[in-house]
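Q: Could you take me on a close look at one part of this model? I would like to see how a single position sits among its surroundings.

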Amino acid sequence: APTPPAPPPLSLVGSVVSGDDRVAVFRDDRTRAFVRLRPGESHAGWVLRDIGRLEAILENDRETITLALPRRSGGMP
């Protein structure tokens with residue numbers, strides 16, 4: 001069986017969705033650096049396809065993955 005592709009080395013830490021301006025902020029799990037991406041931009045072989053208030057959709061050549069903001073203890077992200 002083929003080996004599944006590795007997930008993106010990113011954790012979603014924030015997003016800004018305001019009219020036509022949309023930016024997702026990630027933390028690179030390997031370098032611990034913060035990365036800001038707009039739809040269509042890429043990092044580590046993954047392209048940001050869409051941003052919602054609570055999630056970001058990333059795509060590479062073989063798969064699509066949705067990263068969600070971590071939930072706070074009060075139940076709201």
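What follows is a walk outward from one residue to its strand, the core and the neighbouring strands.

Q: Where does Ile 51 lie, and which residues is Ile 51 in contact with beyond its neighbours in sequence?

A: Happy to! Please keep in mind that this is a predicted model. Ile 51 has its place in strand β5, which covers residues 46–51. Its relative accessibility is 6%, and because buried means under 20%, Ile 51 counts as buried.

Now look at what surrounds this residue. Once neighbours within four places in sequence are set aside, Ile 51 is in contact with Ser 15, Val 17, Arg 22, Val 23, Ala 24, Leu 37, Pro 39 and Ala 56. For one of these, Val 23, a distance can be added: the C-alpha atoms of Val 23 and Ile 51 are separated by 7.3 Å, although the two residues are 28 apart along the chain.

Two of those contacts, Ala 24 and Ala 56, lead us on to the core. The largest nonpolar core has 13 residues, and the members touching the most others are Leu 12, Ala 24, Phe 26, Leu 48, Ala 56, Leu 58 and Leu 67. At least two residues of this core are supplied by each of β1 (10–18), β2 (21–28), β3 (34–37), β5 and β6 (55–59). β5 gives the largest share, three residues. In soluble globular proteins, nonpolar side chains tend to be buried together.

Ala 56 is worth a pause. Leaving aside neighbours within four places in sequence, Ala 56 is in contact with Ile 51 and also with Leu 12, Ala 24, Phe 26, Leu 48, Asp 50, Ile 65, Thr 66 and Leu 67. From here we can turn to the pairing of β6 with β7 (residues 64–68), which is antiparallel and runs over five bridges. These two strands form a hairpin, with four residues between them. Within this pairing, Glu 55 stands opposite Ala 68 of β7.

On the other side of our tour are the strands that carry Val 23 and Ala 24. β1, β2 and β3 make an open sheet of three strands in the order β1-β2-β3, with antiparallel pairing. β1 and β3 are the edge strands, each pairing on one side only. From one strand to the next, the twist averages 20°. β2 and β3 run antiparallel and are joined by four bridges; among the residues involved, Arg 27 has Phe 34 in β3 as its bridge partner.

To bring it back to the start: Ile 51 is buried, and its contacts include Val 23, Ala 24 and Ala 56.

Terms used:
Residues numbered from 1 in each chain as written. Predicted model: local features only at pLDDT ≥ 70, side-chain atom pairs only at ≥ 80, totals over all residues. Heavy atoms only, no water. Buried < 20%, exposed > 50% of the residue type's maximum accessible area, 1.4 Å probe, protein only. Contact = heavy atoms within 4.5 Å. Core = buried A, V, L, I, M, F, W, Y, C linked by side-chain atoms within 4.5 Å. Pairing = 2+ DSSP bridges. Axes fitted to C-alpha atoms, helices over the stretch in contact; angles between N-to-C directions.
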